[in-house]
Amino acid sequence: MAMIGVRGRVIGLALVPMAIIGILLLFQLIAGKIDDLDQSLRTRSAAIARQLAPAAEYGVASGNTEVLQTLLDKAAIEPDIRGVAVFADNGQRLAQAGQGAWLDVLQSKLPTDRIFLVEYKARLVYYAPITRTELVVDDFQTFDSPDAPTFESQTRLLGWVGLDVSRNATLKSQREAIVRSLLILLAGLGVSLYLAWLIGRQITRPILALTHTVSRIGEGHLNERVMPSGQAELGTLQRGVNHMAAHLQAMQGQMQEKIDQATARLVFQASHDVLTGLINRREFERRLEHTLLSAVQHEREHALCYMDLDQFKVINDTCGHAAGDELLRQLTQLLKGKLRERDTLARLGGDEFALLLENCNIQDAIEVAETFLAEVRRFRFKWDDRIFAVGMSVGMVAINRDSGAVSNLMSAADAACYVAKDRGRNQIHLYESSDSDLMRHRGEIQWVTRIQHALEEHKLRLYWQEIRRADAAPNAGRHVELLLRMLEDDGTEIPPMAFIPAAERYSLMPVIDSWVIQEAMRVCKNYLLSGPPQHCLFAVNLSGASLKAPAFRSMLLTYLQEMPELGPHLCFEITETAAIGNLVVVNEFIEAMRKFGCSFSLDDFGSGLSSFVYLKNLKVDYLKIDGAFVRDIVNNPIDRSMVEAINTIGHQMGLKTVAEFVESEAILSLLKKIGVDYVQGNVVHCPEPLTSLCGQV
């Protein structure tokens, strides 16, 4: 119904009631006509059967079949009569005219006092009884006596007349009547439809015109108007639509202006940094690609600078993000003032900027970068009552026809900037493919990928190496250090010093240490469950980055709270450099772990410049002498003096001393003379898989 238009609805409202009434009248007419035809056939057939019965009485009674046949032949001439037959009272067929299918009159027990009808789909069969009525008179009575003679009538059945009547003509007449009635109905409906269409057209023409106008307005043709056609309700509606269209047209003009402004802002924001107003990384890389194309096609020379602020994180952490944002805005204005006409400055994210110097050779580019660097050095950032100096590290790379893709240029400039930071910050480093520092940086980047792969593919393993008493005296328990190894895809072992520096530089140590802690806890727990005969102390190395990470310290504390029985079996080894750099944090960590019975060892002692100054402030149990002094202790008297001094001070402070990297019997013998408590190295015990310590772990 929703798909029908106004004109269709008007025509439908005019036509449907008329059609319903016409159909009902037609049905009534057809039903009456059919009943009349059928009743007429039945009445005429019954009358014929009723007339034939007495006419056949004489022939049946006398047995004159010729008379009967003549009678039946005349009766069969009547239209619709298929056949006529006469039966005796014993069921014998005496005569027949035409065709007919008859019942067994005796078996069917036909009534003797009335006409019997057998009805079929295409014919009617009537059976009329043939009877004779006889009067019985008493001859011995006189009529004038009180007892007048009586008459008795007796009816005797002589047989039956069968009449077979066809219904085909009647059915044909009925069908013709139905067809004529339907044709009359369709003609009437056609005339009615035409009249309804004329009426609906007059009524709906202005409505459809209004609908068309509204549809056009809805499609955006706001200049479309409808022609007013009256003053009544429809005219009011037409004028209202015109007024609405005019208002929408005015609003569209205002809205389009706002959309254009918003689009311009979005286009600007899509290619620019919101905070500084500089172009963003995406737009910068697009321009860099265009510049690189000009270098390839026209052999032009350009330069790319990758700039990273050196004190931004300090200001951001101490004064808040608002101060950091203000610093970026002020530096942007400072740097924009030094740009040449064709230079492009972009903010790549955080405190990272990029400078594209078009049609500029390397020497000129270095001069421009020096100007930028000098401006940043002179700049002082004031926030509240605090003043900060800001530095900037710059990585530079030449853009020529051999530069490769944009990603290669960005990676090279980033690597050069990293080298500038690594060499002391606040300077410029020019990218050269043969640069040793860049090669080291690339190697570390590759190690980062390999470390992440090892963590994901479970390629890290723990080995153990025993720490024994130097005097070989019997010990109440075992003391072992858990050592980290990485496995190559082919099963080759990689020592920790091959990948630990890269992990420390790129902040992967907390992740590695977390894995080591989990494995150490599992090994220690399985060792205790296996029921070993002696106590075992497991030494686990922790990096300075992990100690500074609150999440790592919280994780370790949670593990020990869940399994406090492991505490007395754990010894955490902390390097001297990490301990001195985070003295307060390390001491708080030691206090928290000692509540669970954990012990601590200060690793690589003697490598720092102020080792003895800080030693008294660290609450450790073991002092591990840096292997750099132990390796050459036999041949180098200075190394021997250092070992003796560390051992003496350690004992005076109540600490157990441990010498690591004991690789020969001569070194072992000398350490015994010095009085070192424990020794560790390949001459004492070579690292082994954990399975040799406590079975399957």
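How exposed is R329, by relative accessibility? R329 has 33% relative accessibility, so R329 counts as partly exposed. The legends below describe close-up views of a predicted model.

**View 1. A salt bridge within helix 8 joins E326 and R329.** The two side chains meet at 3.3 Å, N to O. Both residues belong to helix 8, which covers residues 321–336. They sit 3 residues apart, about one turn of the helix. E326 is partly exposed, because its relative accessible area is 24%. Side chains of opposite charge can pair when their charged atoms come close.

**View 2. R450 and E488 form a salt bridge between distant parts of the chain.** The N to O distance is 2.3 Å. The pair spans 38 residues of sequence. R450 lies in helix 11 (residues 436–456). E488 lies in the loop between strand 15 (477–487) and strand 16 (493–494). At 32% relative accessibility, R450 is partly exposed. E488 is also partly exposed, at 28%.

**View 3. R594 and D621 meet in a salt bridge.** Their side chains are 3.0 Å apart, N to O. R594 is in helix 17 (residues 583–594), and D621 is in the loop between helix 18 (611–615) and strand 20 (622–625), so the contact ties together parts 27 residues apart in sequence. R594 is partly exposed at 29% relative accessibility. D621 is partly exposed at 22%.

**View 4. D38, R42, E119 and R167 belong to one salt-bridge network.** Salt bridges with shared partners join these residues. The count for the model comes to 31 salt bridges.

**View 5. Helix 10 has the span expected from its length.** The helix runs over residues 406–422. Its 17 residues should span 24 Å at 1.5 Å a residue, and the end C-alpha atoms are 24 Å apart, so the two values agree. Many positions here are buried, including V406, L409, M410, Y418 and V419. Also buried are A412, A413, A415, A416, C417 and A420. Just after the helix, G424 takes a positive phi of about 130°.

**View 6. E301, D364, E367 and E370 make a negative surface patch.** E370 is found in helix 9, residues 362–378. E370 counts as partly exposed because its relative accessibility is 37%.

**View 7. N359 has a positive phi in a loop.** Most residues other than glycine have a negative phi. N359 is not a glycine, yet its phi is about 50°. The residue sits in the loop between strand 8 (352–357) and helix 9. Is N359 buried or partly exposed? Its relative accessible area is 42%, so N359 is partly exposed.

**View 8. D384 also has a positive phi.** The value is near 60°, in a residue other than glycine. Where is D384 found? D384 is in the loop between strand 9 (380–383) and strand 10 (386–389). At 59% relative accessibility, D384 counts as exposed, because the cut-off for exposed is over 50%.

Methods
Residues numbered from 1 in each chain as written. Predicted model: local features only at pLDDT ≥ 70, side-chain atom pairs only at ≥ 80, totals over all residues. Heavy atoms only, no water. Helix = DSSP H or I, 4+ residues; strand = E, 2+ residues; numbered from the N terminus. Expected span 1.5 Å × (residues − 1). Buried < 20%, exposed > 50% of the residue type's maximum accessible area, 1.4 Å probe, protein only. Patch = residues over 30% accessible without salt bridge, like charges linked within 9 Å, V, L, I, M, F, W, Y side chains within 5 Å. Areas by Shrake-Rupley, 256 points an atom, 1.4 Å probe, with all protein chains shown as cover. Salt bridge = Lys/Arg side-chain N within 4 Å of Asp/Glu carboxyl O. Lys, Arg positive; Asp, Glu negative; His and termini not counted. Charge placed at Lys NZ, Arg CZ, Asp CG, Glu CD.
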